[in-house]
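Reader: Please take me closely through a single part of this model, the metal site, and then connect it to whatever around it helps to place it. I would like one continuous account rather than a list.

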Amino acid sequence: MPYFSEKLLVMHAKLLFASLLIFLTSCSETPKYPYGIAPVSDVEEYEKSIQKSPSNRFVDLENELNLARFDIRYATANNFTSEIIYPEAAAWTRIDVAKSLSQIEDSLAKHGLGLIIFDAYRPYAATVKFYQVYKDTNYVASPYSGSRHNRGCAIDLSLYDLKTGRELQMPTKYDDFSSAAHQTTESPDSTAQYNKVFLRKVMTEFGFEVYNYEWWHFDYSGWDQYEIMDLSFAQLKSSSAD
Ligand SMILES: [Zn+2]
């Protein structure tokens with residue numbers, strides 16, 4: 001039956017070709033990062049998440065806060081990597097985080113104080129970069145779990161005097177990766193110790209959790225309800241514009 005064998009052979013060849021195509025397609029879908037995390041990385045997916053739950057929306061803190069000063073270190077080379085990580089200075093958080101920060105701002109104003117924001121939402125790509133530069137996961141987040149900054153639910157900040165504009169004395173500078181920056185380390189400088197405890201008190205009063213290793217870092221309670229994101233500031237801006 002030579003005719004049937006020929007037909008079978010063609011069928012087999014077609015099948016082989018189809019399998020090869022499927023294999024090649026699956027190869028091209030290799031995840032972007034090798035850490036087992038698939039962050040939200042396109043605007044469409046982000047906008048769908050807002051339709052599902054409005055609390056997923058990101059807002060620009062510069063529009064939400066009135067008295068805060070912004071000193072976004074990763075948009076400059078003045079950070080522990082000595083490299084410019086963010087192409088522009090921006091401070092975005094999820095909408096509920098911003099509402100809490102706005103309440104904190106009002107409360108601080110009664111004491112003549114304002115917030116200095118060092119960092120807010122951090123795209124996942126930046127967390128990967130930090131880990132490549134500095135592998136101690138007490139101070140930089142592991143890319144295997146991602147950072148709470150990647151979820152738009154963490155904030156790095158300090159305080160300044162509204163009258164003089166001067167930053168308040170704190171136990172260490174921002175991003176000082178030493179035990180002197182720990183919440184549990186009593187600062188030998190009593191003013192710095194007082195300011196650290198005061199900042200901690202006001203942050204926890206309005207829904208933030210303390211992170212022991214860094215006096216400047218606070219996580220918004222319920223951070224685990226939010227996804228890890230890898231949208232750039234420009235993408236967030238383009239999405240909020242329409
Ligand atoms: Zn932080």
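Author: In this predicted model, the zinc ion is held by three residues, namely His-149 through NE2, Asp-156 through OD and His-217 through ND1, at 2.0 to 2.1 Å. Along the sequence these donor residues follow the spacing H-x6-D-x60-H. The two histidines link distant parts of the chain, since His-149 sits in the loop between α5 (124–133) and β5 (154–161), whereas His-217 belongs to strand β7 (residues 217–220), 68 residues apart. His-149 and His-217 are both buried.

The aspartate among the donors leads outward from the metal, for Asp-156 is also part of a network of salt bridges with Asp-119 and Arg-122. Within that network, the side chains of Asp-119 and Arg-122 meet at 2.8 Å, N to O. Asp-119 counts as buried because its relative accessibility is 0%, against a limit of under 20%. Arg-122 has a relative accessible area of 7%, and it is therefore buried by the same limit of under 20%. A residue that coordinates the zinc ion is thus joined to a salt-bridge network that includes two buried side chains, Asp-119 and Arg-122.

Glu-214 is worth a look alongside the site, as the unreviewed UniProt entry annotates this residue as "active site". Glu-214 is placed in the loop between β6 (208–210) and β7, and β7 is the strand that contributes His-217. With a relative accessibility of 5%, Glu-214 falls under the 20% limit and so counts as buried. When neighbours within four places in sequence are left aside, the residues in contact with Glu-214 are Asn-138, Tyr-139, Phe-177, Ala-181 and Gln-183.

Beyond β7 the chain offers another link between separated segments, a salt bridge in which the side chains of Asp-230 and Lys-32 meet at 3.8 Å, N to O. Asp-230 lies in the loop between β7 and α7 (233–241), while Lys-32 lies in the loop between α1 (2–28) and α2 (43–52), so this pair ties together parts that are 198 residues apart in sequence. The partners have contrasting surroundings: Asp-230 is buried, with a relative accessible area of 9%, but Lys-32 is exposed, with a relative accessible area of 67%.

A local counterpart is found in helix α2, where Lys-48 and Glu-44 lie 4 residues apart, about one turn of the helix. Their side chains meet in a salt bridge at 3.9 Å, N to O, and both Lys-48 and Glu-44 are exposed. Over the whole structure, a search finds 9 salt bridges.

As for the setting of these features, the protein contains 7 helices and 7 strands, which follow one another along the sequence in the pattern α-α-β-α-β-β-α-β-α-β-α-β-β-α. Of the contacts with a separation of 6 or more, 76% involve residues 24 or more positions apart, and the pairing of His-149 with His-217 at the zinc ion likewise brings together distant parts of the chain. Buried residues make up 45% of the 242 residues. The protein exposes about 13,200 Å², of which carbon and sulfur atoms supply 54%.

Methods:
Residues are numbered from 1 along each chain as its sequence is written. This is a predicted model: local features need pLDDT of at least 70, side-chain atom pairs count only at pLDDT 80 or more; totals for chains, interfaces and linings use all residues. Side-chain values use heavy atoms; hydrogens and water are left out. Donors are N, O and S atoms within 2.8 Å of the metal (3.2 Å for Na, K and Ca); water is not among the atoms, so sites may look incomplete. Buried means under 20% relative accessible area, exposed over 50%, partly exposed in between (1.4 Å probe, protein chains only). Contact means heavy atoms within 4.5 Å. Accessible areas come from the Shrake-Rupley method with a 1.4 Å probe; for residues, only the protein chains shown count as cover. UniProt positions are given in the numbering used here, feature names are shortened, and annotations may be inferred rather than shown by experiment. A salt bridge is a side-chain nitrogen of Lys or Arg within 4 Å of a carboxyl oxygen of Asp or Glu.
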